[in-house]
Amino acid sequence: MNDVLRAIQSRRSVRSFKSDPVPQEILDQIIEAGLYAPSGMGRQPAIILQITDPQVRDRLSRLNGEIMGREGDPFYGAPAVLVVLADRSVPTYLYDGSLVMGNLMLAAHSLGVSSCWIHRAKEEFDRPEGKELLASLGIQGDYEGIGHCILGYAAGEEPKAAERKAGRVYRIG
């Protein structure tokens, strides 16, 4: 089996992280992989916010928890968060942003970094606090939050793969 297929089959979502930071050189490689995700007609409508500043990370975590209606850290202690947003004016923005998320998680896994897709980015960046963060970075336009790719080093063993459900492939011809 080649390395790409092995990474696809062995990557798992991790929900417990060590506080050790992910080196910038590794984050750069993960981000680069996200930028190479396919997009409808090559429009590349997705952008990525790298958040490693603990105060900003914790602020987003609190906002995410508030939206979810729970206490605690919905980022599970991950020291790095890559937020994917996509330009709503592009018809394929949601799919394109989702492909970026997939590339980020597979690249992270291939580099020995654990990850998990955390939802509620849409709600976060539709709120005034999210819009203010984007404005503070000089980001203009109508961007929708697609997801948070939390990154770090697993605190413990990664989960085992669930058994694949049968009956999910239909062949014609």
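This is a short tour of salt bridges, one central strand and one arginine in a predicted model.

**Stop 1: strand 2**

Select residues 80–87, which form strand 2. Is this strand buried or exposed? Eight of its eight residues are buried, so strand 2 is largely enclosed by the rest of the structure.

Now show the side chains. A80, L82, V84 and A86 point one way. V81, V83, L85 and D87 point the other way. Residues on both sides are buried.

**Stop 2: the neighbours of strand 2**

Add residues 46–51, which make up strand 1. Strand 1 and strand 2 run antiparallel, joined by six bridges. To see where they face each other, pick I48 and V84: these two stand opposite.

Next, add residues 143–152, which are strand 4. How many bridges join strand 2 to strand 4? There are eight, and this pair also runs antiparallel. Pick A86 in strand 2 and look across to strand 4, where E144 stands opposite. Keep E144 in view, since E144 returns at Stop 5 as part of a network.

**Stop 3: D73 and R57**

Time for salt bridges. The whole structure holds eight of them. Begin with D73 and R57, whose side chains meet with N and O 2.6 Å apart. D73 sits in the loop between helix 3 (54–68) and strand 2, while R57 is in helix 3, so the salt bridge ties together parts that are 16 residues apart in sequence.

Turn on the surface and compare the two partners. R57 is buried, with a relative accessible area of 7%. D73 is partly exposed, at 29%. The labels differ because buried means under 20%, and partly exposed lies between that and 50%.

**Stop 4: R127 and E66**

Stay with helix 3 and select E66. Which residue forms a salt bridge with E66? The partner is R127, and the closest N and O atoms are 2.6 Å apart. R127 lies in the loop between helix 5 (121–126) and helix 6 (128–136), so this pair ties together parts that are 61 residues apart in sequence. E66 counts as exposed, at 53% relative accessibility. R127 counts as partly exposed, at 25%.

**Stop 5: D142, R88 and a network**

Select D142 and R88. Their side chains meet in a salt bridge, N to O 2.9 Å. The pair links distant parts of the chain, 54 residues apart. D142 is in the loop between helix 6 and strand 4. R88 is in the loop between strand 2 and helix 4 (93–110). Both count as partly exposed: D142 at 41% relative accessibility, R88 at 22%.

Now add K122, D126 and E144 to the selection. Together with R88 and D142, they are linked in a network of salt bridges.

**Stop 6: R12**

Finish at R12, in the loop between helix 1 (3–10) and helix 2 (24–35). Is R12 buried or exposed? At 17% relative accessibility, R12 counts as buried.

Show what surrounds R12. Leaving aside residues up to four places away in sequence, R12 touches S115, E158, P159, K160 and A161. Follow the side chain too: it reaches the backbone oxygen of Q9 at 2.8 Å.

For a last step, draw a distance between the C-alpha atoms of R12 and L106. The gap is 9.4 Å, although the two residues are 94 residues apart along the chain.

Methods: Residues numbered from 1 in each chain as written. Predicted model: local features only at pLDDT ≥ 70, side-chain atom pairs only at ≥ 80, totals over all residues. Heavy atoms only, no water. Salt bridge = Lys/Arg side-chain N within 4 Å of Asp/Glu carboxyl O. Helix = DSSP H or I, 4+ residues; strand = E, 2+ residues; numbered from the N terminus. Buried < 20%, exposed > 50% of the residue type's maximum accessible area, 1.4 Å probe, protein only. Pairing = 2+ DSSP bridges. Contact = heavy atoms within 4.5 Å. Polar contact = N/O pair within 3.5 Å; in protein donor to acceptor, adjacent residues only side chain to side chain.
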